[in-house]
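Biologist: I would like a close look at one part of this model, namely the way its strands are arranged into sheets. Please go through the strand order and the pairing with care.

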Amino acid sequence: MTTIIKILSILLFLGLISQGYGQPCSLSDLSVDQSKTGAQVEGKPEWIVTITNKCVCSQNNAKLNCKGFQTIEPIDPSILRVSGNVCLVDNGNAIYRDSISFKYAWDNSFPLNPFSSEIACS
């Protein structure tokens, strides 16, 4: 009986690892980096934003806090959709280890902190 319990415990553990649970992910694995490009758009500095998922699992429906966000440079809404104080990244599609980038132009940078996502390990 003890052997059966040990075997079942090992199988459960291996099952969890194979589902990605062996490497816990969180919203903090979604990194947003910004820097000036050196270009000017209508007299305002241009910024490049790179969003990277540092987790092995995908992050879906990622949203950034966009409170006060402004730009005079158009952003493709399929990359960043601004709605009030919330910005939806990449139409809510899964963000894997590839980076997503966009540019905007304004006098100063905005924090654009991640505040929600759905983590999916498969």
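Modeller: What follows is a walk through the sheets, strand by strand. This is a predicted model, in which local features need pLDDT of at least 70 and side-chain atom pairs count only at pLDDT 80 or more, while totals for chains, interfaces and linings use all residues. Residues are numbered from 1 along each chain as its sequence is written, and side-chain values use heavy atoms, with hydrogens and water left out.

Strands here are DSSP runs (E, at least two residues), numbered from the N terminus, and two of them pair if DSSP finds at least two bridges between them. In general, the strands of a sheet pair through backbone hydrogen bonds, either parallel or antiparallel.

One open sheet is built from three strands in the order β1-β2-β6, with antiparallel pairing; its edge strands, each pairing on one side only, are β1 (30-41) and β6 (100-105). Neighbouring strands of this sheet are turned against each other by 20° on average, direction ignored, where the axes are lines fitted to C-alpha atoms and angles run from 0 to 180 degrees between N-to-C directions. Nine bridges join β1 to β2 (residues 44-53) in the antiparallel sense, and Asp33 stands opposite Thr50 in β2.

The other open sheet to describe has four strands in the order β4-β5-β3-β7, and its pairing is antiparallel. Its edges are β4 (80-83) and β7 (114-120), each of which pairs on one side only, and the twist from one strand to the next averages 20°. Within this sheet, β3 (residues 58-65) and β5 (residues 86-89) pair in the antiparallel sense over three bridges, and the bridge partner of Asn65 in β5 is Val86.
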